[in-house]
Amino acid sequence: MGRPKGSKNKVKKVFFVDDVEKVLEEKNTLRESLVKEISDLSNQIATLRAERRTHKVSLKSLEKEITKIAAYKAAEEVSDSQKNPASILDEV
């Protein structure tokens, strides 16, 4: 595909700054603040991941306990029904 006519002659914008040191200082302070924010966010993420990990471990142990208690309750109900079959028939 061909170039549009006159594209070589297009005027390019020149970035001109009167006070280069002032602009450079502003950009550096902005850069430093962004670097600090990124490091703070990284630290927060690491803390939250560790907290999440501990919560998952405690949840897993709690679920195991619940499962054991439910199994114990079911076994107890079965043993009760085997001991007194007449009382279960009366309830129905």
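Arginine 52 counts as exposed in this predicted model, because its relative accessibility of 54% is above the cut-off, which asks for over 50%. The residue lies in helix H1. On the surface, Arg52 joins Arg49, Arg53 and Lys56 to form a positive patch.

A patch of the opposite sign is also found. Asp18, Asp19, Glu21, Glu25 and Glu26 gather on the surface as a patch of negative charge. Of these residues, glutamate 21 may serve as a handy example: Glu21 is part of helix H1, and its relative accessibility is 66%. Glutamate 21 is therefore classed as exposed, again because the class takes in values over 50%.

Charge is not the whole story of this surface. Leu59, Leu62 and Ile66 make up a nonpolar surface patch, and together these three residues offer about 280 Å² of accessible area. Leucine 62 sits in helix H1, which runs over residues 20-83. Is this leucine exposed or partly exposed? With a relative accessibility of 45%, leucine 62 counts as partly exposed, because the value falls between the 20% limit for buried residues and the 50% limit for exposed ones.

A look at the chain as a whole puts these patches in context. The chain holds two helices and zero strands, and one of the helices is H1, home to glutamate 21, arginine 52 and leucine 62. How much of the chain is buried? Among the 92 residues, the buried share comes to 0%. The accessible surface of the chain amounts to about 9600 Å². Carbon and sulfur atoms account for 59% of that area.

Key
Residues are numbered from 1 along each chain as its sequence is written. This is a predicted model: local features need pLDDT of at least 70, side-chain atom pairs count only at pLDDT 80 or more; totals for chains, interfaces and linings use all residues. Side-chain values use heavy atoms; hydrogens and water are left out. Patches are made of residues with over 30% relative accessible area and no salt bridge: like charges are joined within 9 Å, nonpolar side chains (Val, Leu, Ile, Met, Phe, Trp, Tyr) within 5 Å. Accessible areas come from the Shrake-Rupley method with a 1.4 Å probe; for residues, only the protein chains shown count as cover. A salt bridge is a side-chain nitrogen of Lys or Arg within 4 Å of a carboxyl oxygen of Asp or Glu. Helices (H or I, at least four residues) and strands (E, at least two) are DSSP runs, numbered from the N terminus. Buried means under 20% relative accessible area, exposed over 50%, partly exposed in between (1.4 Å probe, protein chains only). Lys and Arg count as positive and Asp and Glu as negative; His and the chain ends are not counted. The place of a charge is taken as NZ of Lys, CZ of Arg, CG of Asp or CD of Glu.
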